[in-house]
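Me: Please take a close look at a single part of this model. I would like to know how it packs, with the cut-offs spelled out.

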Amino acid sequence: MSYLKFQKALMTNLQESLRREYLRTSRSGAYSSSTVVDCNTRKYHGLFVVPIPSIDDVNHVLLSSLDASVVQHGAEFNLGLHLYRGGVCNPNGHKYIREYNCDKVPTTIYRVGGVMLRKETILQNYDDRVMVRYTIDDSHSSVTLRLRPFLAFRRCDELTHENYKAMRDYSEVPGGIKTTMYENYPQLYMQLSKKNEFIFTPNWYKGLEYYKEADRGYECIEDLYVPGYFEVEMKKGDEVVFTASLKECKPSGLKKLFQEEVDVRRPRDNFYNTLVAAAHQFHYKETPKGAKNPEKVAEEDKEHYLLAGYPWFKVRARDTFISLPGLTLATNENDYFRATMKTAEKGLREFMTGKPLTVSIYEIEQPDVMLWAIWAIQQYAKEVSLGKAVEEYGKLVLDIIEYIEKGKHFNLELRDNGLLHIEGRDKPMTWMNSMANGKPVVPRTGFVVEINALWYNALKFCAEIYSLNGNNAKAAHAEELAAKVKTSFQQTFITPAGYLFDYREDGIEDWNVRPNQIFAVALDYSPLEPQQQKVVLDFCTRELLTPKGLRTLSPKSGGYNPMYVGPQVKRDYAYHNGTAWPWLGGFYMESCLKIYKRTRLSFVQRQMVGFEDEMMYHATGTISELFDGNPPFHGRGAMAFAMNVAEILRTMKLIDVFMQQ
């Protein structure tokens with residue numbers, strides 16, 4: 001029984017099916033994504049979207065889609081579906097769909113008269129290759145399967161149109177052809193596992209419309225190039241595998257390769273397994289820059305990363321450290337934690353020593369990044385023991401603390417009161433990073449609440465490490481500084497009402513109730529007294545809690561904007577002014593269990609149910625970037641977001657720990 005399954009009634013209702021997307025990824029950074037009816041509604045959708053480092057660091061849509069047609073007794077039935085200018089649907093292949101499920105791989109069952117066709121799509125785990133397997137499950141006579149590739153050859157954040165520069169040349173290769181549309185692009189190999197014929201009928205299909213881009217106020221009309229189509233003869237029980245790749249393959253091995261990839265996939269047969277599969281989508285490997293023989297670098301020797309999300313996010317430092325415990329430790333994959341931390345530590349040390357970065361991590365200079373790195377190591381210590389964590393990462397933690405304390409970070413100033421001060425008026429320096437008209441929408445500057453909560457937590461953890469190492473003098477110094485931070489934190493951030501200022505800067509006080517104060521409660525070491533923690537938690541419960549996480553701003557505050565809709569500039573103003581984020585909810589749930597213990601356990605379990613519902617909506621099987629802050633709490637933004645998946649998994653593990661106590 002498939003956990004993620006949709007029947008004919010939903011699939012043929014485009015108002016419902018076009019709202020549901022699928023996403024499949026590889027460890028090399030490539031992905032395949034569309035709606036469950038294979039109708040692209042974003043410019044980021046594509047059957048084969050791949051990084052091309054020789055051009056830039058953005059993914060490129062090479063193969064936008066692949067239309068399949070069943071030809072029987074001279075009649076052609078096109079199973080494809082596209083939206084054209086003005087909302088026109090053609091050729092309406094969704095009406096032949098009988099069932100869709102993505103237990104292991106996205107699978108669609110079509111029925112055309114007496115023909116039952118099964119289509120399965122998979123992306124090879126460690127290579128840039130998409131494969132589509134077509135199987136004739138039933139047919140009273142032989143059929144011809146016709147496959148028509150729609151090519152884009154563009155950046156995933158741009159659109160293409162008919163142009164004279166596009167090349168039409170192609171060359172035959174075993175089982176298919178290779179072609180490229182522009183000189184700076186590599187060859188795209190399209191091959192089939194079964195004998196076939198390629199019919200060259202070049203044509204531009206004009207006026208395809210991506211309505212999700214129109215909703216965001218972007219250009220939304222595109223032309224796609226179709227070089228021709230493949231034809232293959234089939235009968236009942238036959239199967240054929242189509243592949244698109246940057247490398248040529250042996251057609252005779254495609255069936256075996258496809259099945260091997262299916263066999264290693266984790267079944268999405270319950271909420272937890274589906275989340276773990278979603279977590280693996282953010283795992284990313286890259287050949288180290290400067291490798292002498294890049295083609296010969298073994299998988300275990302590659303640099304390990306965590307992508308921040310799909311389809312447009314790359315590897316970001318803050319997202320990496322916040323996501324790392326949930327995406328690895330919570331799924332019992334400690335090895336991947338260590339592999340990712342090895343790459344991240346390399347980047348941190350290059351930054352601290354002023355060397356050019358050789359790792360593919362963005363925003364490592366942000367002032368809270370190193371503090372989040374310490375938090376991630378702290379979670380690792382709870383998993384494997386403090387002694388083992390200190391053995392592996394103790395020096396890194398102490399070096400970071402020393403780096404900050406000596407004032408070496410360009411935007412972390414240790415003030416006399418023990419608190420850290422940042423400058424964020426002209427450029428966003430925290431996770432609330434939306435900008436409009438060249439300025440931060442939320443100009444968080446001065447003493448920022450979560451940065452100083454993380455600072456206190458880091459100092460206390462540092463004291464633990466020094467004590468374990470027998471360095472009592474330095475442990476005492478860390479404890480003394482932490483005590484100063486605690487006193488100053490309470491004096492600086494606690495409002496007369498009991499909740500915390502979001503930031504303060506020389507007479508500027510942000511009185512808005514925002515979720516960043518929750519970190520002062522959730523962290524292992526809190527700069528607040530127990531009663532103060534309870535007051536903060538209760539404020540978050542009353543004013544910020546939703547079924548999809550914490551709102552970024554209280555509805556009682558001026559400027560509350562909970563709906564992430566409309567043109568991009570409107571969304572920028574809503575991004576951190578009322579929308580709800582599941583990853584913040586993870587720290588809220590941790591705070592509930594910390595303050596109220598088992599009395600809040602059933603409440604936290606009920607909150608998780610709301611996220612299970614999301615498995616059937618938006619990008620099926622994963623969690624969207626953010627949600628509207630008001631009912632019905634629609635998922636918005638990127639289709640998959642690492643920190644959200646991570647914190648839900650970490651919360652589920654916290655629940656298990658409490659259940660075992």
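Reply: What follows covers one helix pair, then salt bridges.

The model is predicted: local features need pLDDT of at least 70 and side-chain atom pairs pLDDT 80 or more, while totals for chains, interfaces and linings use all residues. Residues are numbered from 1 along each chain as its sequence is written, and side-chain values use heavy atoms, without hydrogens or water.

Helix H15 covers residues 582-596 and helix H16 residues 601-613; their axes lie 9 Å apart at an angle of about 165°. Axes are lines fitted to C-alpha atoms, for helices over the stretch in contact, and angles run from 0 to 180 degrees between N-to-C directions. Helices (H or I, at least four residues) and strands (E, at least two) are DSSP runs, numbered from the N terminus. The angle makes H15 roughly antiparallel to H16 (over 145 degrees; under 35 is roughly parallel, 65 to 115 roughly perpendicular, the rest oblique).

From H15, Pro582, Tyr588, Met589, Cys592 and Leu593 meet Leu601, Phe603, Val604, Gln607, Met608 and Phe611 of H16 (contact: heavy atoms within 4.5 Å). Of these residues, 10 are nonpolar, 1 is polar and none is charged. Nonpolar means Ala, Val, Leu, Ile, Met, Phe, Trp, Tyr, Cys and Pro; charged means Asp, Glu, Lys and Arg; the others, including Gly, are polar.

Salt bridges number 51 in the structure (a Lys or Arg side-chain nitrogen within 4 Å of an Asp or Glu carboxyl oxygen). One of them joins Glu120 and Arg133, with the closest N and O atoms 2.9 Å apart.
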